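Hi everyone, thanks for coming along. I'd like to walk you through one structure today, starting with its overall division and then moving to a few helix pairs and single residues.

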Amino acid sequence: MAGKLRLCAALAVACMAGCCSLGLGRLEPRSASEYEAHVAEVRDKAQPGFTVIAVPPFVVLGDGRPEDVRADAESIVGWGVRRLKADFFERDPSRIIDIWMFNGEESYLRNNSAIFGKSPISPYGYYSPCDRALIINIGLGGGTLIHEMVHAFIEANFPDCPTWFNEGLASLYEQPDDRDGHIHGRTNWRLARLQDAIELGKTPDLHAVMSSSRGEFYDDRRSGANYAAARYLLYYVQEKGLLVRYYKSFLASRQADPTGEATLLSVLGEQDLGTLQRKWEAFVRKLVFP
Ligand SMILES: [Zn+2]
């Protein structure tokens, strides 16, 4: 998963330049004819053998067997879009975003070069705002796809979202599940290193994580710990049944509370981050994966 971290570091550099941000999204859904026109346009760009399907607000292009592409478009993209929009995101991205699902490593590497003229910055997949595309090696599963979909929706809905929350929410849902019709993040591979850090007395400080700049969050020496802390902080809030409420409160109060710390304490009913840090550490110690 080191590739995943390199991906986000690379994205951070790209986004700090502000070159390709799609900005605030749109409340009005696009018409079916807009998607039809876009599908026709990208069908020309795709090589023969790709299946192209509109799954608003995305268009999926896949070179797997047509029945597999259709199944993934529904069971991953459609499934995720419905749940993410129902609980979190009222705006669609300002432009239609293509989801390129390449069927395994060979296709992924070859088509990154042939279609986008570059080498992928991660073996799993990445969001490229400059290409208005999520570029995914679907042979490694759908977790990365949901992770990157969250980034596309955050960009459209939460201007200046701090990196810790953006990556925390994306990472939470890279191991998604359905709970009573709502998206729910399960424990995953990031837990072990966080539990190890707690045992060693080197738990990431929540204030430091939440107030970190992009550069600090993605710093090679800290990024693994920062991802784990951000993910399992939001997992903690999720398990309290307060994650959607926290997101909405944070979005509403982002100008007064740009890091989300004060809003988090308020939503959880905690007096200070030190108390929360102790409770969170005790909670994380008891988690299990798998
Ligand atoms: Zn990410």
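Before I split anything up, a word on the term: domain bounds here come from an automatic or database domain assignment. With that in mind, the chain is divided into domain 1, covering 2–157, and domain 2, covering 164–285. Please remember throughout that this is a predicted model.

So how far apart are the centres of domain 1 and domain 2? Taken over C-alpha atoms, the separation is 25 Å. The two domains do touch, and the contact takes 17 residues from domain 1 and 19 residues from domain 2. On the domain 1 side, α1 (2–16), α3 (66–87) and α5 each supply at least two residues. Which of the elements gives the most to that side? The answer is α5, with seven residues. As for chemistry, the domain 1 side that touches domain 2 divides into ten nonpolar, five polar and two charged residues.

Let's stay with α5 and look at its packing. In general, two packed helices are described by the angle between their axes and the distance between the axes. Helix α5, residues 143–157, packs with helix α6, residues 163–172, at an angle of about 140°, and their axes are 8 Å apart. Angles over 145 degrees would count as roughly antiparallel, so α5 is oblique to α6. The crossing of α5 past α6 is right-handed.

If you'd like to find this contact on the screen, look for H147, V150, H151 and I154 on α5, and for N166, L169, A170 and S171 on α6. By class, these residues come out as four nonpolar, four polar and no charged.

Now to a second helix pair, inside domain 2. Here helix α7, residues 191–199, packs with α13 at an angle of about 120°, with axes 10 Å apart. Perpendicular packing would need an angle of 65 to 115 degrees, so α7 is also described as oblique to α13. Is the crossing of α7 past α13 left-handed or right-handed? In this pair it is left-handed. From α7, the residues L194, Q195 and I198 meet E281, V284 and R285 of α13. This contact of α7 with α13 has three nonpolar, one polar and two charged residues.

While we're on α13, have a look at L273, which lies in that helix, residues 273–285. Is L273 buried or exposed? Neither quite fits: L273 is partly exposed, because 17 other C-beta atoms lie within 10 Å, and buried would take 20 or more. Leaving aside neighbours within four places in sequence, L273 is in contact with L206, H207, E261 and L265. H184 is 89 residues from L273 along the chain, and the C-alpha atoms of the two are separated by 25 Å.

My last stop is another leucine. Where is L242 placed? You'll find L242 in the loop between α10 (223–239) and α11 (243–252). With 16 other C-beta atoms within 10 Å, L242 is partly exposed. Not counting residues up to four places away in sequence, L242 touches V237, V267 and L268. Of those, L268 is 26 residues from L242 along the chain, yet their C-alpha atoms are separated by 7.6 Å.

That's my tour, and I'm happy to go back to any of these views.

Technical notes: Residues numbered from 1 in each chain as written. Predicted model: local features only at pLDDT ≥ 70, side-chain atom pairs only at ≥ 80, totals over all residues. Axes fitted to C-alpha atoms, helices over the stretch in contact; angles between N-to-C directions. Helix = DSSP H or I, 4+ residues; strand = E, 2+ residues; numbered from the N terminus. Parallel < 35°, antiparallel > 145°, perpendicular 65-115°, else oblique. Left-handed = near helix turned anticlockwise from the far one by under 90°. Contact = placed C-beta atoms within 7 Å. Nonpolar A, V, L, I, M, F, W, Y, C, P; charged D, E, K, R; others polar. Buried ≥ 20, exposed ≤ 12 C-beta atoms within 10 Å, placed from the backbone.
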